[in-house]
Protein chains: 6
Amino acid sequence: MFRERMNTRILGENNLVINRFFNLDGRAYEGGSLSVKTKELLGLVASLVLRCDDCITYHIVRCAEEGVSRDEVFETMSIGLIVGGSIVIPHLRRAVDRWDEAEKLRG
Amino acid sequence: MFRERMNTRILGENNLVINRFFNLDGRAYEGGSLSVKTKELLGLVASLVLRCDDCITYHIVRCAEEGVSRDEVFETMSIGLIVGGSIVIPHLRRAVDRWDEAEKLRG
Amino acid sequence: MFRERMNTRILGENNLVINRFFNLDGRAYEGGSLSVKTKELLGLVASLVLRCDDCITYHIVRCAEEGVSRDEVFETMSIGLIVGGSIVIPHLRRAVDRWDEAEKLRG
Amino acid sequence: MFRERMNTRILGENNLVINRFFNLDGRAYEGGSLSVKTKELLGLVASLVLRCDDCITYHIVRCAEEGVSRDEVFETMSIGLIVGGSIVIPHLRRAVDRWDEAEKLRG
Amino acid sequence: MFRERMNTRILGENNLVINRFFNLDGRAYEGGSLSVKTKELLGLVASLVLRCDDCITYHIVRCAEEGVSRDEVFETMSIGLIVGGSIVIPHLRRAVDRWDEAEKLRG
Amino acid sequence: MFRERMNTRILGENNLVINRFFNLDGRAYEGGSLSVKTKELLGLVASLVLRCDDCITYHIVRCAEEGVSRDEVFETMSIGLIVGGSIVIPHLRRAVDRWDEAEKLRG
């Protein structure tokens with residue numbers, strides 16, 4: 001996949017700042033006082049209001065893996081919609097489509 | 001306070017779209033499948049990455065009222081920082097200052 | 001179409017906040033003191049500066065339906081370009097392409 | 001005023017790109033197929049969704065000068081609110097405050 | 001190509017504001033106190049933090065033409081990543097892919 | 001100063017992600033293939049188009065310290081203005097005011 005292939009290529013460049021940032025990006029979502037699940041919901045709402053489809057897809061898939069329920073995802077998306085406005089709607093459509101796929105996959 | 005005074009003046013205008021939006025904005029943070037506390041954390045991280053000090057202050061105060069712990073707030077802010085980048089830092093400084101005040105107030 | 005199919009699926013979820021927001025989004029563009037046409041131009045310029053192709057396409061089509069002239073659309077787009085800067089240009093290209101199609105369709 | 005004083009200082013620098021941009025910024029709001037009034041409403045909604053208080057204030061004052069009615073301003077702001085979401089609300093409060101002042105001034 | 005075809009169509013419309021803006025956009029990157037190369041790096045980092053793939057691609061190609069080195073591009077991208085945060089990463093992946101192509105082309 | 005006081009307080013919290021991010025933010029502007037001076041110009045233009053006054057002020061001061069010339073700063077700001085549009089102008093006014101102060105200080 002493009003995502004994995006490019007990550008490998010980017011990290012292989014050995015730019016200290018970029019490589020540490022990628023590492024830190026992973027650490028930010030590890031469980032702590034907040035659960036991994038809550039952190040993925042935080043990542044999802046942040047991605048929604050900033051309107052980045054790739055980031056939304058990533059957190060949608062992670063939410064499904066972490067056992068987030070359909071209602072929890074929709075409530076998170078409703079906050080993203082209220083905060084970010086109608087400009088979020090096209091991303092919401094794609095997010096729901098991804099969620100339906102991810103939900104089907106986990107059975 | 002300016003916030004309350006202007007809300008009254010805006011709602012008194014009776015613009016249907018604006019008034020319903022204000023109402024909906026309140027509903028979005030009511031407890032459901034997700035707790036009020038989690039929803040306030042979602043509001044906080046969304047406000048951080050969109051860099052709105054007034055919105056951050058509002059959710060910081062609400063988080064303190066809902067019993068969010070200091071570690072939970074810092075973990076939420078760390079996700080906002082990673083997602084939104086260094087451009088978030090000036091808002092992070094003010095957010096932490098507000099949090100310290102709000103924490104002191106609740107004792 | 002994806003847009004309609006997803007709207008149906010989203011509304012069928014019966015999330016109160018999302019459904020009311022979708023309803024409100026429709027109401028905002030109804031005629032009042034400002035004409036429907038002027039409101040569509042407002043929607044277009046807002047979509048341009050926020051750089052959302054789906055939203056731009058939607059308002060371009062609505063503008064064509066409301067009888068907006070070619071010059072009026074270009075003047076609206078020129079304001080979007082000045083306010084939003086060169087980062088708007090890729091969206092401007094696609095917007096003009098959509099407008100030419102929509103203009104052809106209305107004959 | 002700071003605004004005028006800095007404009008003079010900036011233009012006095014004789015940077016060709018900046019000076020031409022400032023000139024172009026003025027031209028964009030001149031009457032054409034769209035009236036000056038409609039163009040000021042476009043400038044207002046674009047400033048609202050991009051959340052720039054100085055720009056909002058400028059267009060609010062210009063709207064008042066061009067004879068825009070209170071209802072027209074509120075309908076424009078309602079579209080800005082729907083498109084841009086609740087993150088716009090703090091700016092909406094200040095915008096309405098400015099509008100009330102500007103309306104009082106024109107009598 | 002779509003880019004060139006649409007530019008021709010847009011400029012052919014003879015909207016004074018749009019045409020002068022396009023001209024000014026070209027002038028901004030001409031050599032002055034800063035070299036063309038440095039200006040292209042400025043254009044690249046601005047496009048990265050504003051997350052516009054078309055603009056990123058344009059400046060990546062121009063950087064390659066101006067003899068920017070691989071390390072210089074990665075250092076510029078590392079600043080874009082730190083300033084703009086993880087929301088920049090999907091654009092970074094595509095930017096590196098474009099750079100690898102552009103570097104191959106110049107041999 | 002508020003900036004330093006809050007940085008100390010934030011780092012004292014010992015949130016691993018936040019502390020490493022602050023460290024990385026410093027590393028990103030160290031000299032490498034690109035000079036410190038060029039990196040500060042990159043930081044300035046990124047801050048301008050993202051419209052963060054605190055970040056702009058920081059990089060303006062650093063540019064003055066690194067011996068950037070007045071023309072180089074204005075050319076960098078002209079690119080920020082073209083890329084980001086008129087919404088950048090209020091920040092440009094404050095940036096030029098800061099630059100004039102910083103220039104006076106370095107004599």
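User: In this predicted model, is E75(A) buried or exposed?

Analyst: The model is predicted, so the answer rests on computed accessibility. E75(A) is found in helix α5 of chain A. Its relative accessibility is 12%, and the cut-off for a buried residue is under 20%. E75(A) therefore counts as buried.

User: Which residues does E75(A) touch, not counting residues up to four places away in sequence?

Analyst: Chain B supplies G32(B), S33(B), L34(B) and K39(B) to the contacts of E75(A). Chain C is also represented in this list. The residues touched by E75(A) are thus G32(B), S33(B), L34(B), K39(B) and N15(C).

User: What relation do chain A and chain B have to each other?

Analyst: Chain B is superposed on chain A by a rotation of 180° with 0.0 Å of shift along its axis, and the RMSD is 0.0 Å. Because of that rotation and shift, the relation is that of a two-fold axis.

User: What percentage of the contact residues of chain B recur in chain A?

Analyst: The two copies, related by a rotation of 180°, can be examined for the residues that they use in contact. The same surface serves both copies. The share of the contact residues of chain B that recur in chain A is 100%.

User: How are helices α5(A) and α6(A) oriented, roughly parallel or roughly antiparallel?

Analyst: Two packed helices are described by the angle between their axes and the distance between the axes. Here the axes of α5 (residues 70–84) and α6 (residues 89–106) of chain A come within 11 Å and cross at roughly 170°. Angles over 145 degrees count as roughly antiparallel. The crossing angle therefore makes α5(A) and α6(A) roughly antiparallel.

User: How do the residues of the contact of α5(A) with α6(A) divide into nonpolar, polar and charged?

Analyst: From α5(A) come R70(A), V73(A), F74(A), M77(A) and L81(A). They meet I89(A), L92(A), A95(A), V96(A), W99(A), D100(A) and E103(A) in α6(A). The division of the residues in this contact is nine nonpolar, no polar and three charged.

User: What kind of aromatic pair do F21(B) and F21(C) form?

Analyst: The structure holds three aromatic pairs over all chains. In the pair of F21(B) and F21(C), the ring centres are 6.2 Å apart and the planes stand at 70°. Planes over 60 degrees apart count as edge-to-face. The pair is therefore edge-to-face.

User: Which helices hold F21(B) and F21(C), and are these residues buried or exposed?

Analyst: The pair crosses between chains, from helix α2 (residues 16–27) of chain B to helix α2 (residues 16–27) of chain C. F21(B) has a relative accessible area of 0%, and F21(C) also has a value of 0%. The helices are α2 of chain B and α2 of chain C, and because of these areas F21(B) and F21(C) are buried.

User: Which C-alpha of chain C is nearest the axis that relates chain C to chain B?

Analyst: A turn of 180° and a shift of 0.0 Å along the axis lay chain C on chain B with an RMSD of 0.0 Å. The nearest C-alpha in chain C lies 3.8 Å from that axis. It belongs to F21(C).

User: Which chains are joined by the pair of F21(D) and F21(E)?

Analyst: The ring centres of F21(D) and F21(E) are 6.2 Å apart and their planes are at 70°, so the pair is edge-to-face. F21(D) is buried at 0% relative accessible area, and F21(E) is buried at 0% relative accessibility. Because F21(D) lies in helix α2 of chain D and F21(E) in helix α2 of chain E, the chains joined are D and E.

User: Which residues are in contact with E40(E), leaving aside its neighbours within four places in sequence?

Analyst: E40(E) has its place in helix α3 (residues 36–49) of chain E. With a relative accessible area of 1%, E40(E) is buried. The residues in contact with E40(E) are Y29(E), H59(E), R62(E), C63(E) and E66(E).

User: Is N14(C) buried or exposed?

Analyst: N14(C) lies in the loop between α1 (2–11) and α2 of chain C. Its phi is near 60°, a positive value in a residue other than glycine. Because its relative accessibility is 62%, N14(C) counts as exposed.

Technical notes
Residues numbered from 1 in each chain as written. Chains lettered and ligands numbered in written order. Predicted model: local features only at pLDDT ≥ 70, side-chain atom pairs only at ≥ 80, totals over all residues. Heavy atoms only, no water. Least-squares fit on C-alpha atoms with pLDDT ≥ 70 in both. Contact = heavy atoms within 4.5 Å. Axes fitted to C-alpha atoms, helices over the stretch in contact; angles between N-to-C directions. Helix = DSSP H or I, 4+ residues; strand = E, 2+ residues; numbered from the N terminus. Parallel < 35°, antiparallel > 145°, perpendicular 65-115°, else oblique. Nonpolar A, V, L, I, M, F, W, Y, C, P; charged D, E, K, R; others polar. Phe/Tyr/Trp six-rings, centres within 6.5 Å; stacked < 30°, edge-to-face > 60°. Buried < 20%, exposed > 50% of the residue type's maximum accessible area, 1.4 Å probe, protein only.
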